[in-house]
Amino acid sequence: MTKPSLPDLLHAAVSAVGGTERPGQVAMAEAVAEAIDDNSHRLIQAGTGTGKSLGYLVPALAHGERVVVATATLALQRQLVERDLPRTVEALHPQLRRRPQFAMLKGRSNYLCLHRLHEGAPQDEEDGLFDQFEAAAPTSKLGQDLLRMRDWADETETGDRDDLTPGVSDKAWSQISVSSRECLGATKCAYGAECFAEAARERAKLADVVVTNHALLAIDAIEGAPVLPQHEVLIVDEAHELVSRVTGVATGELTPGQVNRAVKRAAKLVDEKTADALQTASETFERVMELALPGRLEQIPEDLGYALMSLRDSARNVISAIGATRDKSVHDEDAVRKQALAAVESIHGVAERITTGSEYDVVWYERHDRFGATLRVAPLSVSGLLREKLFEDRSVVLTSATLKLGGDFNGVAASLGLSPEGVEGDDVPVWRGLDVGSPFDYPKQGILYVAKHLATPGREGTRGDMMDELAELIEAAGGRTLGLFSSMRGAKAAAEELRGRLDNPILLQGEETLGELIKSFAADPKTCLFGTLSLWQGVDVPGPSCQLVVMDRIPFPRPDDPLMSARQKSVEEHGGNGFMAVAATHAALLMAQGAGRLVRASGDRGVVAVLDPRLATARYGSFLRATLPDFWYTTDRNQARRSLAAIDATAKADGK
């Protein structure tokens, strides 16, 4: 039988999902197939509207060996498993003569734990051991959620938190879920045969395509214990997010509350002397943390070092003692032991990591008004880890709408541990970059307007001229505005100010769930939506409801961000340009994502307005502009207003 051609397969898949075949999608599918065939690596930039999901799914399904697809967002995971994969598998079946299997796999805590549901969560000493369903008042929100989850447990086939609608709070979910460290293991657990997490793993082992998330991919790489099944090909979608997700997984933290809970859990399982030593270390650590000031710790202060060594040593003794004792008087002893061990091992691990000290780690204090101080430790860079763990023994394709920063792939490649494109060597993963473009005509569909006449934004204080500019732009656009702010404080200040000045409804992130806000924004063209980071990347509103995207300033990292400033300093110490490699690259990525909110369909028209003159005047401005879609560029404020008014008039004439 002749092997079906890739163009024929792609055509069948695109027809099945009701899409339109695009040259960029064909080029992408061919590049992915080539990478799979010759076991090489690709970075592929595919602009919005390319149809990149099918661009990698079709060659992956045609390949016939197992492929893992890792995405950053829940929305894309669901789209792949619930829409794209089922339709594509059916469409390809006549030509492939097989129906490839697919499955979704997440971390264990995303699945309902039947043991925890039926036996109750081992609680801290003062709470006693109780049935959480009885203890939570049925009239309280928590109580109602717990009862609803108990009913759901009898109906669900997956036990996946994301299949529970409406969702529940983290606090409610924690009552019926466990982390991988707390899990008893299928062989020891009375409910092992029915376990939802184990069932998901078994499905993944049998699947041709396994859809997972960046965090689980990071855990698989960092912890050395394989979570994902063996696979020949890894496709990382939304790859611009990978470095931050891996950094998050590799970050450790300690808080007095967390240490306290561990002490209480361990106390009932070890002798008094061992428990007292951990209690004393906990109190010492708490006293140090009360005086902690936010910021990086380039050297560990003596008092903190002493507290951490005490925590490390007493935690190690507790871990040994828990492993050696048995106490049948403790209800559900194995679960209590496992939870206590997980809590104490976590503290021991972070305390040891910080006291051992590494030039490749960054340590800092954070303070929160409500929760007090936190001690954090994160890797200075994850590029070495990614180079070693990601690109060995498999073909890797990384794709996103934003991988070329400042005009080439090398900035993103360096963050992934890759050498510049074309460099070859014994231990150097060889890769090629491909920009398949976008089906949109950006110069005709959008304008990039930089408000060059405004004052340069300072670190503090209100920007009266910026507020005036923003109000005038919104009025010209007739609403229809997505306001992207570099801080929540900036978003709130703008919302408060403009609610008093304009007739347009202004929605503010945090006042309702993100899903509800986006729905309301899309439903009424007069409405504006203001917010911060998740809006820069998470809004997909095609059509006339979003015809003006405003960025209040270039979103550089905060100068007091300990991790970013440490990374910048490290680049400079090695002879590089720290500002361009870290701060400008971070800003470019966010601005490209933010500007990408404007044109989501071939009929969209509008303006991206950046209310920060540095994009036009600073030396790095051209680097940032080269990362944005190729919109028509102007600094003429009157031109921007006239264009917005014309776009608004057209939309109104069309009854929108």
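Start by selecting Gln45 and Ser400: Gln45 stands opposite Ser400 in strand E10. This is a predicted model, in which local features need pLDDT of at least 70 and side-chain atom pairs count only at pLDDT 80 or more, while totals for chains, interfaces and linings use all residues. Residues are numbered from 1 along each chain as its sequence is written, and side-chain values use heavy atoms, with hydrogens and water left out.

**Stop 1: strand E10**

Now select residues 395–400, which make up E10. Strands (E, at least two residues) and helices (H or I, at least four) are DSSP runs numbered from the N terminus. Six of the six residues in E10 are buried, meaning under 20% relative accessible area with a 1.4 Å probe and protein chains only; exposed is over 50%, and partly exposed lies in between. Ser395, Val397 and Thr399 point one way, and Val396, Leu398 and Ser400 the other.

Add strand E1 (41–45), which pairs with E10 in the parallel sense over four bridges; two strands pair if DSSP finds at least two bridges between them. Strand E5 (233–236) also pairs with E10 in the parallel sense, over four bridges. Here, look for Val236 opposite Leu398.

**Stop 2: helix H4**

Next, select residues 74–96 to see H4, with its kink of about 40° centred on Leu80. The bend at a residue is the angle between axes fitted to the seven residues ending there and the seven starting there. Among the buried residues of H4 are Leu76, Leu80, Asp84 and Thr88. An α-helix has 3.6 residues a turn, so residues three or four places apart point the same way. Show helix H1 (6–16), helix H3 (52–63) and strand E2 (67–71), which are included in what covers the buried residues of H4. Just after H4 comes Arg97, with a positive phi near 65°.

**Stop 3: the seven-stranded sheet**

Finally, display the open sheet ordered E14-E15-E13-E16-E17-E12-E18, with parallel pairing. At its edges are E14 (506–508) and E18 (632–634), each pairing on one side only. Zoom in on E13 (481–484) and E16 (548–551), a parallel pair with four bridges, where Leu484 stands opposite Met551.

Then add helix H24 (578–595), which packs on the sheet and touches E13, E16 and E17 (606–610); contact means heavy atoms within 4.5 Å. The direction of H24 makes about 160° with that of E16. Axes are lines fitted to C-alpha atoms, for helices over the stretch in contact, and angles run from 0 to 180 degrees between N-to-C directions. Last, select helix H27 (637–653), which lies across E12 (446–450), E16, E17 and E18 and runs at about 145° to E12.
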